[in-house]
Amino acid sequence: METIFDVENFNLWYGENHALHNINMQIEKNSITALIGPSGCGKSTFIKTLNRMNDLIPSVRLSGSIKYRGQEIVNSKINVYNLRKEVGMVFQKPNPFPMSIYDNIAYGPRTHGIKNKSQLNEIVEKSLRDAAIFDELKDRLKDSALGLSGGQQQRLCIARALAVKPDVLLMDEPTSALDPISTSKIEELVLELKKNYSIVIVTHNMQQAVRISDYTAFFLLGDLVEFDKTDKIFSQPADKRTEDYITGRFG
Amino acid sequence: MNLLDKNNKDTVESIAGTIFLVLGIVNIAFVLLICIYLIIAGLPAIGKIGIIDFLFGTKWASTAAEPKFGILPFILTSIYGTAGAIVIGLPLGFFSALYLAKIASHKVRITVEPLIDLLAGIPSVVYGFIGMLVLVPAIRSIFDLPDGASLFAAIIVLAVMILPSIIKVSITALEAVPEEYELGSLALGANEIETYCRVVVPAAKSGIAAAVVLGVGRAIGEAMAVMMVAGNAANMPSLFESVRFLTTAVASEMSYSSGLQREALFSIALVLFVFIMLINAVLNVLLKRGGVKRK
C-alpha cells in the first residue's frame, strides 16, 4: 500500500495549550481512516492540519512532521492553496454557498481557472454523479442550493469538493447534523468514493467507524492512544482506554 | 393559594404598561404631526404655482418683481449631489469596511473603529467650516475657477460625511455572513481575496445596499455643511458652478420669507420629506431582506 500522509512526532499548541502530543501515523491510499474519540480530544484539530486550515487560527503552533506524498506540510513554505485543492474538506454543518446548485459545484473549478462553459458543464455533471445526487438535482441546477434538505446539501458539498479533482477527502463529522437515512446515504457514498480517493473521517459515531472505515485512530486528551485496522481496534483493542471507550464506559 | 387572585404586582405591571404605551404614542404623534403639518403647509403653494411649474420649472426667483418658483434646480442638485457623494463615498467606505472586517489585525481595528465613530460625531457645521477654509480654496486654485464654492465641493464634503454610516453598516453586513461560507471556499483552494469577492461580498449584498440607501438618506438631508461650500446660487446644477440644494433652499430663505415665497419653502420641505420617506421605505425593505439590524 502507498502512504498518502506520513505523520511523525507531530505536536500542536493553541497558545499555551498543548492540544496534540507526539502523533505518529500513516494514512494509506484508497482507504478510509476514521478518527474517533470524545469531544475535545484533538481529532478535529488534527484533521484540519492535513489541509492547513489551522493556519486561519492565529495562535496555533506546530512541530514535528507531516508529509503529504513525501512533501513536508508542517512549518514549510508550501502553497497552501494547492494543498487544499489536493486535500479537499467536507464540514460538519453542510455549508453550500448562497448561490445556485450549478455555481456551487463550478465554484472550485472556476477558482482554479476553468472558464470554458462545456468543460464546466461536464465537471458539474460528473461531480454530481460521483456524489450520487445527479438524478435528484439534474432539473434544479439553476435553483438556490439553500433550498435543499440537509442531506442533499451535504452531498452537494461533497460534490463541490470532488469538482476540483482532489486526491484526499477530509470529512469532519459529515453526518452529525443529519438524519439516519441521509447518514446511510452518505456512508454508502463514502464507501463508493474510496475507490478513487483516500478518505479521513472524524466521527462521533463508533458504529459508523465500524461500518465504513478500514483503519481507526483513537484520540484521547491530545494523545493518539491507538491506531490500527478497524476490526482489530473494535475486536481486540490493545489499550485499556480504547476498550473502555468503545464499550461505552466513558465518552 | 387561589390562582385567580390579583395582587400588587399586577397593578404595578398595568401602570407601567400604560406609561410605556403613552410614551410610545407621543413618539408616533410627533411623526404624524410633522407629516400632517408639512402636507397642510406645503400643498397650497403647489396648488397656486401649479405642480408642473413648481416641480419642473427651471427658474427660482422668489423675490423678483414677477416671482418664479421652479424648484427643478434644487431637485436636480440634491440628486446629483447625493449621487456624486455615493459614487465617491461607496467604494471608499466599502473597501474600508472590507479591510476592517476581514483583513485588518485586531489592533488596527480597535484603533480605527473609534476614529470612524468620531467622524460620525463631528457636527456638520464643522465639516462645512473645514470645507470652506480648505476645500473651496483648493478647488478654486486646482481647477482655476473664479470661485471654488460649487457642487463639486459639496459632493466631496457629503462623501466624507456619509463614510461612517457606509463603513459601519457594511461591516455589520460583512460580519453577518456565516463563517462556514468562507471556510468552504478556502477549503476548495481559493485564496482570501477570491473568497471575499466571490462568496462573502455577494452574500452581504443586501446589507451593503442598505448602507448605500442610508448614505443617500444622510446626504440628501444634509443642509448646514453644503450650504457653506456649495455657493448657494439657484442655478441648474453643473459640477463647478455655485448650486443650491433642496435643504439649503429652505434654510437660506426661511428667515426673511413672506407670503407665497414662505408657502413655497414649505412645499420644498414637503418634496424633501417625500424623498426621505421613499428612501426610508427602500431601506426598510432592504434591511428586512438582508437580515441586518439597523444600528
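In this predicted model, strands β9 (residues 215–220) and β10 (residues 223–229) of chain A run antiparallel and are joined by six bridges. The two strands form a hairpin, with two residues between them. In the turn, A:L221 has a positive phi of about 50°. A:F219 of β9(A) has A:L224 of β10(A) as its bridge partner.

β9(A) is mostly covered, with six of its six residues buried. Burial extends to both faces of the strand. One side carries A:Y215, A:A217 and A:F219. The other carries A:T216, A:F218 and A:L220.

β9(A) also pairs with strand β3 of chain A, here in the parallel sense and over four bridges. Within this pairing, A:T33 is matched with A:Y215 of β9(A). β3(A) covers residues 32–36, and five of its five residues are buried. A:I32, A:A34 and A:I36 point one way from the strand. A:T33 and A:L35 point the other way. A further parallel pairing links β3(A) to strand β8 (residues 198–202) of chain A through four bridges. There, A:L35 stands opposite A:V202.

Chain B has a different make-up, with 12 helices and two strands. Along the sequence, its elements follow the pattern α-α-β-β-α-α-α-α-α-α-α-α-α-α. Its radius of gyration is 24 Å, whereas a compact globule of 295 residues would have a value near 19 Å. The C-alpha trace of chain B spans about 80 × 65 × 35 Å along its principal axes. Of the 295 residues in chain B, 42% are buried. Among contacts in chain B with a separation of 6 or more, 73% involve residues 24 or more positions apart.

The largest nonpolar core holds 158 residues. The members touching the most others are B:A153, B:V157, B:L158, B:V229, B:A230 and B:I268. Helix α6 (residues 151–175) of chain B gives the most to this core, with 19 residues. Leaving aside residues up to four places away in sequence, B:V157 touches B:Y127, B:G128, B:G131 and B:L135. B:V157 also touches B:A225, B:V226 and B:V229. Of these contacts, B:V229 is itself among the core members that touch the most others.

The two chains meet through 19 residues of chain A and 13 residues of chain B. On the side of chain A that touches chain B, α2 (80–86), β6 (87–90) and α3 (101–111) each supply at least two residues. α2(A) gives the most to this side, with four residues. By type, the chain A residues of this side divide into eight nonpolar, seven polar and four charged.

Helix α7 of chain B packs against elements of both chains. This helix spans residues 179–187. Its buried residues are B:Y181, B:E182, B:G184, B:S185, B:L186 and B:A187. In chain A, they pack against α2 and β6. In chain B, they pack against α8 (192–203). After α7(B) comes B:G189, which has a positive phi near 95°.

Methods:
Residues are numbered from 1 along each chain as its sequence is written. Chains are lettered from A and ligands numbered from 1 in the order in which they are written. This is a predicted model: local features need pLDDT of at least 70, side-chain atom pairs count only at pLDDT 80 or more; totals for chains, interfaces and linings use all residues. Two residues are in contact if their C-beta atoms, placed from the backbone, lie within 7 Å. Ala, Val, Leu, Ile, Met, Phe, Trp, Tyr, Cys and Pro count as nonpolar, Asp, Glu, Lys and Arg as charged, and the others, Gly among them, as polar. A residue is buried if 20 or more other C-beta atoms lie within 10 Å of its own, exposed if 12 or fewer, and partly exposed in between; C-beta atoms are placed from the backbone. A nonpolar core is a set of buried Ala, Val, Leu, Ile, Met, Phe, Trp, Tyr and Cys residues joined through C-beta atoms within 7 Å. The radius of gyration is taken over C-alpha atoms; the globule rule is 2.2 Å times the number of residues to the power 0.38. Two strands pair if DSSP finds at least two bridges between them.
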